[in-house]
Amino acid sequence: MSQPSVIDSKLFDPAAIDPETADFIERIEKELSAMPPLYKFEPQAIRDARAAGYSIFGAIKHLDEAQDRRVPGPAGDIPIRVFIPEKAAGVYMHIHGGGFMLGTADQHDELLFEICRACQTAVVSVGYRLAPENPYPAGPDDCEAVAVWLAENSSAEFGTDRLIIGGESAGANLSAVTLLRMRDRHGFRGFCGAVLTYGAYDMSMTPGVRRWGERYLILNTKIIEWFHENYVQGGNVFDPDISPFYADLSGLPPAFFTIGTMDPLMEDSLFMHMRWLAAGNPSELAVYPGGIHTFNFFPIELAHKANTRINEFIISAVGSRVQGS
């Protein structure tokens with residue numbers, strides 16, 4: 001019999017936040033408080049600024065190791081960003097975050113190449129259509145199409161049929177939705193793991209999101225509401241295809257949830273982890289004191305710890321072995 005899932009309450013004590021992380025929180029909050037919140041801008045203006053390196057995340061670094069390809073989709077070809085190791089033990093389908101409105105497949109090269117290298121895993125990052133120009137269901141339709149393509153072609157393309165899926169924030173939502181669509185629409189349960197990093201699983205918003213208020217640490221309550229309104233545009237926020245928290249989660253692969261205690265979406269991960277377990281699926285949860293939304297994209301030790309644990313989960317899920325292990 002498996003051991004019960006135990007979450008140490010000490011992780012949520014502000015005293016558990018290490019000095020480097022506390023300084024990082026203070027710096028990010030100071031920088032963001034001097035800027036207008038995201039919802040004051042047009043989405044395309046935010047995208048253009050981020051692509052040019054004018055955001056809290058800094059310059060976008062494109063690596064020569066990446067390949068830009070396209071796969072067929074429901075509204076035309078879907079761009080994918082691909083990293084391939086010399087011999088792939090598995091394929092990681094990555095879905096980027098950005099509130100369903102921002103982000104591209106080519107904005108996370110360094111992190112994805114490190115996954116490719118450290119885990120001996122091919123990485124396929126999906127450039128799905130974005131709201132508000134393309135609201136629900138455009139994004140999940142594109143992710144489903146790429147998942148179907150991988151299910152049919154991964155052995156021929158990458159030499160392995162060991163598939164894992166995951167992403168951050170909106171990308172974690174879309175990862176869960178894609179798993180559910182593959183199970184229900186295609187009878188496919190071939191994904192061997194899910195990497196679900198500070199995801200938004202309940203579009204009706206948890207008490208933690210509603211109570212967060214105006215404190216600006218990448219996200220706040222109004223920014224989350226703005227993302228949801230542009231993505232759903234009057235749809236049913238309790239629809240499991242929009243809010244996978246409300247889905248039948250049985251028959252899904254092992255999941256690894258990552259969340260920080262200074263993230264408005266913390267309860268989304270806490271609740272979804274427990275629902276994943278209650279549905280009979282293996283699930284692990286990593287809680288990082290002081291972790292803000294997107295913390296693992298910044299050069300701090302907390303990010304290194306989180307990304308190392310994610311890589312360890314991927315290695316275990318696909319059965320790869322890093323050199324020297």
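Tyr198 sits in the loop that links β6 (191-197) to α6 (207-212). In this predicted model, the backbone at Tyr198 has a positive phi of about 35°, even though the residue is not a glycine. Is Tyr198 buried or exposed? With a relative accessible area of 1%, Tyr198 is buried, because the cut-off for that class is under 20%.

A second residue deserves a look alongside it. Ser169 is found in the loop between β5 (163-168) and α5 (170-186). Its phi is near 60°, again a positive value in a residue other than glycine. Ser169 has 10% relative accessibility, so it counts as buried.

For background, most residues other than glycine have a negative phi, and most peptide bonds are trans.

Now to the peptide bonds. Which loop holds Pro132? Pro132 lies between β4 (121-126) and α4 (138-158), and the bond leading into it from Ala131 is cis. Pro137 also has its place in the loop between β4 and α4, and here the bond from Tyr136 is cis. If you are following the chain on screen, the stretch from β4 to α4 is where to find both prolines.

Here are the two cis bonds side by side:

| Peptide bond | Form | Omega |
|---|---|---|
| Ala131 to Pro132 | cis | near 0° |
| Tyr136 to Pro137 | cis | near 10° |

To recap, the loop between β4 and α4 carries Pro132 and Pro137, while positive phi values appear at Ser169 and Tyr198.

Key:
Residues are numbered from 1 along each chain as its sequence is written. This is a predicted model: local features need pLDDT of at least 70, side-chain atom pairs count only at pLDDT 80 or more; totals for chains, interfaces and linings use all residues. Side-chain values use heavy atoms; hydrogens and water are left out. Helices (H or I, at least four residues) and strands (E, at least two) are DSSP runs, numbered from the N terminus. Buried means under 20% relative accessible area, exposed over 50%, partly exposed in between (1.4 Å probe, protein chains only).
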